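Work through the exercises below with the structure in view. Try each task before reading its solution.

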Amino acid sequence: MAPPQRCPVCRQTFFCGRGHVYSRKHQRQLRAALERLLPQIEAARKAIRAAQVERYAAEHERCCWCLCCGCEVRKHLSHGNLTVLHGGLLEHLASPEHKKATNKFWWENKAEVEMKEKFLISPQDYARFKKSMVKGLDSYEEKEDEVIKEMAAQIRQVEQSRQEVVRSVLEPQVDPDPEEGSSAPGTWEGTNSQVASSSQQPSHLNLRPAPEFDWMETGQPLTFIGHQDAPGVGNVHSGATPPWMSQDEDCSFGNQQIGPSYEEFLKQKEKQKLNKLPPERVGANFDHTSSTSAGWLPSFGRVWNNGRRWQSRHQFKTEAARNKQQSHKDS
């Protein structure tokens, strides 16, 4: 009997020696495994003439299983933030180690000889791929430069429009009036003196005057209702105490007790303990605050359950009479 051998293609152990590789099942499994790998190799062959360079992404870390070498191979070739599509697979297929492993795999599994060339990359094809990869890198850099220039132009345009808006808002819009002579230097001096005198006056608010907009001078029928600040009442801007910090005279927080008292807490705790007990227990509904009379008789033989019940009844009556006499004597 032949020693057992493990077939990696069929994933099972067989005992028929070398005859297993000629079986119909093995050839069917081998053909299916090669057809699963063949589309990836054909896609890599298309990249020999026109290499594609893209920005690095997490999906470029994918690997594929090389059936001939029995190991995982990186599908793409990445360096820094750039990735050459199918570069890793082409580099592996063109290596001498893969060629040696492919020859061994074809010999051991008796695969079709016509299919072996599809799983190999010649050195000439790999050199052609290197040249196309250099061209792809150059074209990618040119595209990136164009994108950067477009982004810079957009940034300049946005910045220019922003500056124009700011300039249009900050520039004073004064209509020249020949009668008033607003452009005379004496007018500016008078204005400056008025501003200086107003700045020397004491004031509790150092606020900037509100800007005058164009819609206030267009002659629209708008009415100024005046400031709504209450006289004698400050605000947070003038240094007054905020309303949420002021103490209310009606509420005295020092005398008011917050939360339940300690006695109520103990009562609630006792109620929670009683709720854990079975509700149908003996004495669950007994009122401990009620007073028992002398005619109450126990239905058991005293405390130690010793003797008969009639003896306990006579003893209870005797003790009750003795206590009654003792109370009369004391009174």
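A residue is called buried under 20% relative accessible area, exposed over 50%, and partly exposed in between. The model used here is predicted.

**Exercise 1. Decide whether Lys25 is buried, exposed or partly exposed, and place Lys25 in the chain.**

Step 1. Take the relative accessibility of Lys25, which is 37%.
Step 2. Set that value against the cut-offs: under 20% is buried and over 50% is exposed.
Step 3. Lys25 therefore counts as partly exposed, at 37%.
Step 4. Now find its element: Lys25 belongs to helix α1.
Step 5. Look for Cys10, which sits 15 residues from Lys25 in sequence. The C-alpha atoms of Lys25 and Cys10 are 8.1 Å apart.

**Exercise 2. Describe the secondary structure of the chain and how its contacts are spread.**

Step 1. Count the elements: there are seven helices and seven strands.
Step 2. Put them in sequence order, and the pattern reads β-β-α-β-β-β-β-β-α-α-α-α-α-α.
Step 3. Turn to burial. The chain has 331 residues, and 18% of them are buried.
Step 4. Consider contacts with a separation of 6 or more. Of these, 53% join residues 24 or more positions apart.

**Exercise 3. Find which residues touch the most other members of the largest nonpolar core, and which elements supply that core.**

Step 1. The largest nonpolar core has 33 residues. Leu34, Phe105, Trp106, Phe119 and Phe129 touch the most other members.
Step 2. At least two residues of this core come from each of α1, β4, α2, α3 and α4 (123-170).
Step 3. Helix α1 gives the largest share, seven residues.
Step 4. Follow Leu34 outward, leaving aside residues up to four places away in sequence. Its contacts are Leu67, Phe105, Trp106, Ala111, Met115 and Phe119.

**Exercise 4. Work out why Cys71 is in no disulfide, and check Cys69 as well.**

Step 1. Start with the total: the structure has zero disulfides.
Step 2. For Cys69, the nearest cysteine sulfur belongs to Cys66, at 3.7 Å, and Cys69 is in no disulfide.
Step 3. Recall the cut-off: a disulfide needs two cysteine sulfur atoms within 2.5 Å.
Step 4. For Cys71, the closest cysteine sulfur is in Cys69, 4.9 Å away, so the two are too far apart for a bond.
Step 5. Add the exposure. Cys69 is partly exposed at 26% relative accessibility, and Cys71 is partly exposed at 29%.

**Exercise 5. Describe the largest cavity and its lining.**

Step 1. The structure holds one cavity of 30 Å³ or more. The largest cavity contains about 40 Å³ of space.
Step 2. Its lining consists of Leu37, Ile41, Cys64, Trp65, Cys66, Val73, Leu89, Leu93 and His98.
Step 3. The elements giving two or more residues to this lining are α1 (24-46), β4 (63-66) and α2 (87-93).
Step 4. The largest share, three residues, is from β4.
Step 5. Sort the lining of this cavity by class: eight residues are nonpolar, one is polar and none is charged.

**Exercise 6. Describe the largest pocket in the same way.**

Step 1. The largest pocket holds about 640 Å³ of space.
Step 2. Its lining has 24 residues. Pro8, Val9, Leu67, Phe105 and Asn109 lie nearest the centre of the pocket.
Step 3. At least two lining residues come from each of β1 (5-7), α1 and α3 (96-109).
Step 4. By class, the pocket lining has twelve nonpolar, six polar and six charged residues.

Definitions and conventions. Residues numbered from 1 in each chain as written. Predicted model: local features only at pLDDT ≥ 70, side-chain atom pairs only at ≥ 80, totals over all residues. Heavy atoms only, no water. 1 Å grid on protein atoms, 1.4 Å probe; cavity = no way out; pocket = protein on both sides within 12 Å on 5 of 7 lines; lining within 4 Å. Points joined across faces, edges and corners; volume = space filled by probe spheres on them. Helix = DSSP H or I, 4+ residues; strand = E, 2+ residues; numbered from the N terminus. Nonpolar A, V, L, I, M, F, W, Y, C, P; charged D, E, K, R; others polar. Buried < 20%, exposed > 50% of the residue type's maximum accessible area, 1.4 Å probe, protein only. Core = buried A, V, L, I, M, F, W, Y, C linked by side-chain atoms within 4.5 Å. Contact = heavy atoms within 4.5 Å.
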